[in-house]
Every structure is written in C-alpha cells, then in structure tokens.
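Me: Could you help me learn to read how helices pack and how a backbone turns? I would like the general idea, and then the case in the structure itself.

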Amino acid sequence: MDLQDKLNRPLRDLRISVTDRCNFRCPYCMPAEIFNERYRFLPKPHLLTFEEITRLTRIIVRLGAVKARLTGGEPLLRQDVEKLVEMLAALKGVDDLAMTTNAYLLPQKIDALKAAGLKRLTISLDTLDDEVFRQMNGERSAVDKVLEGIFAAEEAGFTPLKINAVAQRGVNDHTLVELARFFKERGHILRFIEYMDVGNMNGWKMEQVVPAAEIVALINAEMPLEPIAGNYYGEVARRYRYADGEGEIGLISSVTQPFCGACTRMRLSPEGQIFTCLFAIEGTSLRDPLRAGASDAELEAIIRATWGERIDRYSEIRSSLTQEVRDRRQKVEMYHIGG
C-alpha cells in the first residue's frame with residue numbers, strides 16, 4: 001500500500017532544492033536588503049552531494065514518488081547540475097524529471113541538461129515589461145536574458161514549456177494580459193501564481209494578492225477561456241483553455257482557493273532536510289543520519305514516520321489566523337526549499 005499521511009494524501013512528488021543561492025533578488029522570495037553581500041549562504045560541506053541526493057531520491061521513489069523536480073534557489077548555479085540530472089534520470093521509477101529555473105544561465109546549459117535526461121522545464125517570468133521585471137528581480141536581469149533562455153529551451157525541444165508568473169497587485173498586474181498573449185502565441189503554458197506568504201522576509205500583505213478569479217476574468221475579457229479538468233490527482237494548477245483551441249493557462253491559487261486536500265509534495269532542502277509543506281516551520285534531517293551511517297531501511301523509516309504524521313494544511317487555515325499570528329509563525333523561506 002502506498003505511503004499516506006494522516007489526511008490520506010499519498011506521496012507522489014519530490015521537489016529537490018539543490019542550492020539556497022540565486023542570482024536574482026526577487027522581493028517576494030529573496031529581498032535584496034536582506035540577501036546582500038553580507039548574507040551567509042550554506043557552506044558547501046553542508047550541502048548534500050549528488051550521490052546523497054540520488055540515494056535519498058531512490059528511497060523516496062520506492063515510497064510512491066513518481067515525479068522529481070530540481071529547484072533552488074536557482075538550480076543552474078549548482079556546479080555540474082547536469083551530472084545530478086543524469087544520475088536521477090537513471091533511477092527506476094522516476095517517470096517525470098523536471099527543473100524550475102529563472103533561465104538566465106539556460107543557453108549555456110540546455111544541451112547538457114537535455115543529454116543528461118531532463119524531461120521538462122518550468123521557467124519563471126513575471127512580466128514582459130522590462131522596468132517592472134527589473135523591479136521584480138532586484139535589478140539583476142533584463143527580460144531579454146530570460147527570453148534567450150526560453151528560446152534556447154524551445155530550440156532544444158522542451159515544448160511546451162511551463163512559464164510561472166507571480167502576480168502582485170500594484171506591481172505587475174497591469175501586464176498579465178500581455179504576458180498571456182505572448183505565450184499563447186508561442187504555444188507555452190502560462191501559470192499565474194497568487195502572491196504567497198512563504199517565509200517571513202517578503203513583507204506579505206493580503207492586499208497585494210491578485211485573486212485567481214480576477215486573473216481569469218482579465219484574460220477572459222481579451223481571450224475567452226473555458227475551464228478544463230486537471231491532468232492528474234494532486235495537480236496544483238486549475239486549468240483553463242482558450243476557447244479558440246490554441247493553448248491553455250493555469251492558476252495556482254494557494255491563497256484564495258487552497259488545494260491542501262490533494263497535496264502530494266515532499267521537499268528536500270539543500271542540506272538534506274525533508275519538509276512536508278511549503279509553509280512548514282521545521283524539517284526533518286536525513287543528512288545527519290545518512291552521514292552517521294544509517295542504512296536505507298533506517299532512512300526509509302524516518303521518511304515513513306515523517307510523512308505518516310503529516311497533517312499540514314496551512315493554506316486552508318491561513319484566513320482563520322490573525323495577521324499577528326501569521327507574522328509570528330517562523331516559516332521556512334521559499335528560496336531554501338523551492339516553490
């Protein structure tokens with residue numbers, strides 16, 4: 001029988017954060033005033049090695065995970081990450097191996113990733129407006145640099161791409177229709193993500209959330225949409241296709257329409273902790289017992305116990321918490337465990 005948590009949710013997805021470093025400073029994730037040159041990221045010896053990641057992934061896949069996604073930070077900053085891709089692609093039971101990236105370094109990495117066995121790519125791009133984009137990435141990149149990565153991915157055959165865009169009221173909400181039109185024409189799947197209160201450093205306020213229903217209405221007014229069924233159990237995006245038959249969009253509505261009830265994700269942090277929720281307060285270390293000589297069976301027992309006790313459903317209870325309680329809750333930061 002598949003591993004299930006206390007709310008009968010199976011383990012299906014493993015998100016592997018390979019580094020806590022990023023070359024962007026997006027205010028909703030790694031605000032530059034905090035993550036400056038004085039900020040101390042994890043020293044290399046603290047990071048899981050590729051062999052350690054592969055060993056843990058093999059165990060977690062045996063427990064039911066069929067999808068693995070490499071995240072960060074920015075995963076392409078991890079030296080020789082394509083070697084890890086090759087090691088994970090060789091594992092029996094990994095049906096879907098993907099990566100989420102800001103695409104800045106993608107042109108020089110794309111061929112190696114393809115050859116190593118990467119199956120799918122998700123690229124983060126919040127707007128096509130260069131001024132707004134620079135504001136949203138801490139002045140670290142122009143839109144053109146990300147588009148170069150997207151074009152390189154297209155050339156390498158990673159189509160359709162998924163494009164993730166975080167929507168923030170008063171920041172990029174006036175550019176969302178343009179973004180949708182651009183990716184509709186290129187045949188990619190744009191997914192709008194409601195601005196979330198991940199971690200405690202991004203100054204999240206509910207007033208900055210653009211509800212998914214509002215985004216659908218905006219797009220629908222210009223390019224008519226119709227809802228369609230999800231692809232699989234646990235899919236986080238609500239899907240809409242264009243009425244003209246040319247493409248689709250997705251809405252990840254963690255704030256206004258939580259999907260905790262079907263969440264099947266486990267997250268592995270760069271230093272080897274597993275987290276059972278994006279909004280978790282603490283994780284469970286696998287690195288420490290692994291480096292102390294634990295057997296696969298012993299590591300599996302830790303993973304089973306952690307998932308078996310899982311009751312996380314933060315997004316469903318968020319609205320019942322006061323702002324003071326939300327602010328006081330010390331959640332793990334998104335750059336540390338991936339989105």
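Me: How are α1 and α9 oriented to each other?

Reply: Let's begin with the general idea. Two packed helices are described by the angle between their axes and by the distance between those axes. Now the case here, in what is a predicted model. Helix α1 (residues 50-62) packs with helix α9 (residues 296-308) at an angle of about 60 degrees, and their axes are 10 Å apart. An angle from 35 up to 65 degrees is neither roughly parallel nor roughly perpendicular, and α1 and α9 are therefore oblique to each other. The crossing in which α1 passes α9 is right-handed.

Me: Which residues of α1 and α9 meet?

Reply: From α1 come Arg55, Leu56, Ile59, Ile60 and Arg62, and they meet Asp296, Leu299, Glu300 and Ile303 in α9. Sorted by class, this contact holds five nonpolar residues, no polar ones and four charged ones.

Me: At what angle do α1 and α2 pack?

Reply: The angle between α1 and α2 is about 30 degrees, with the axes 10 Å apart. Angles under 35 degrees count as roughly parallel, so α1 and α2 are roughly parallel to each other. Their crossing is right-handed. On the α1 side the contact is made by Phe50, Glu51, Ile53, Thr54 and Thr57, and on the α2 side by Val81, Lys83, Leu84, Met87 and Leu88. These residues divide into six nonpolar, two polar and two charged.

Me: Is Lys83 buried or exposed, or something in between?

Reply: Lys83, which lies in helix α2, is partly exposed, with a relative accessible area of 46%. Lys83 also shows how a fold brings parts of a chain together: Lys83 and Phe50 are 33 residues apart in sequence, and their C-alpha atoms are 7.9 Å apart in space.

Me: What share of the contacts in the whole chain links residues 24 or more positions apart?

Reply: Counting contacts with a separation of 6 or more, 73% are between residues 24 or more positions apart. The chain itself has 12 helices and 12 strands, and 56% of its 339 residues count as buried.

Me: Let's try one more pair. How do α6 and α7 pack?

Reply: Helix α6 (residues 176-186) and helix α7 (residues 212-222) have their axes 10 Å apart and pack at an angle of about 60 degrees. You can apply the reasoning from before: α6 and α7 are therefore oblique to each other. Their crossing is right-handed. Leu176, Val177, Ala180 and Arg181 of α6 make the contact with Ile215, Leu218, Ile219 and Glu222 of α7. By class there are six nonpolar residues, no polar ones and two charged ones.

Me: Which residues of helix α3 are buried?

Reply: In α3 (residues 106-116), the buried residues are Leu106, Lys109, Ile110, Leu113 and Ala116. They cover an arc of only 135 degrees around the axis, which means that they are on the same side of α3. The face turned away from that buried side carries the exposed residues Gln108, Asp111 and Ala115. What do the buried residues of α3 pack against? Their partners are α2 (81-89), β3 (96-101), β4 (120-124) and α5 (143-155).

Me: Now the backbone. Which residues have a positive phi although they are not glycine?

Reply: As a general idea, most residues other than glycine have a negative phi, and most peptide bonds are trans. Asp80 has a positive phi, near 60 degrees, and its place is in the loop between β2 and α2. At 27% relative accessibility, Asp80 counts as partly exposed. Ala103 has a positive phi of about 75 degrees. Ala103 is in the loop between β3 and α3, and it is buried, with a relative accessible area of 0%. Among the glycines, Gly117 just after α3 takes a positive phi of about 115 degrees.

Me: And where are cis peptide bonds found?

Reply: One is the bond from Gly72 to Gly73, with omega near 20 degrees. Gly73 sits in the loop between β2 (67-71) and α2. Another cis bond joins Thr159 and Pro160, with omega about -5 degrees. Pro160 lies in the loop between α5 and β5 (162-167).

Key
Residues numbered from 1 in each chain as written. Predicted model: local features only at pLDDT ≥ 70, side-chain atom pairs only at ≥ 80, totals over all residues. Heavy atoms only, no water. Buried < 20%, exposed > 50% of the residue type's maximum accessible area, 1.4 Å probe, protein only. Helix = DSSP H or I, 4+ residues; strand = E, 2+ residues; numbered from the N terminus. Arc of directions from axis to C-beta. Contact = heavy atoms within 4.5 Å. Axes fitted to C-alpha atoms, helices over the stretch in contact; angles between N-to-C directions. Parallel < 35°, antiparallel > 145°, perpendicular 65-115°, else oblique. Left-handed = near helix turned anticlockwise from the far one by under 90°. Nonpolar A, V, L, I, M, F, W, Y, C, P; charged D, E, K, R; others polar.
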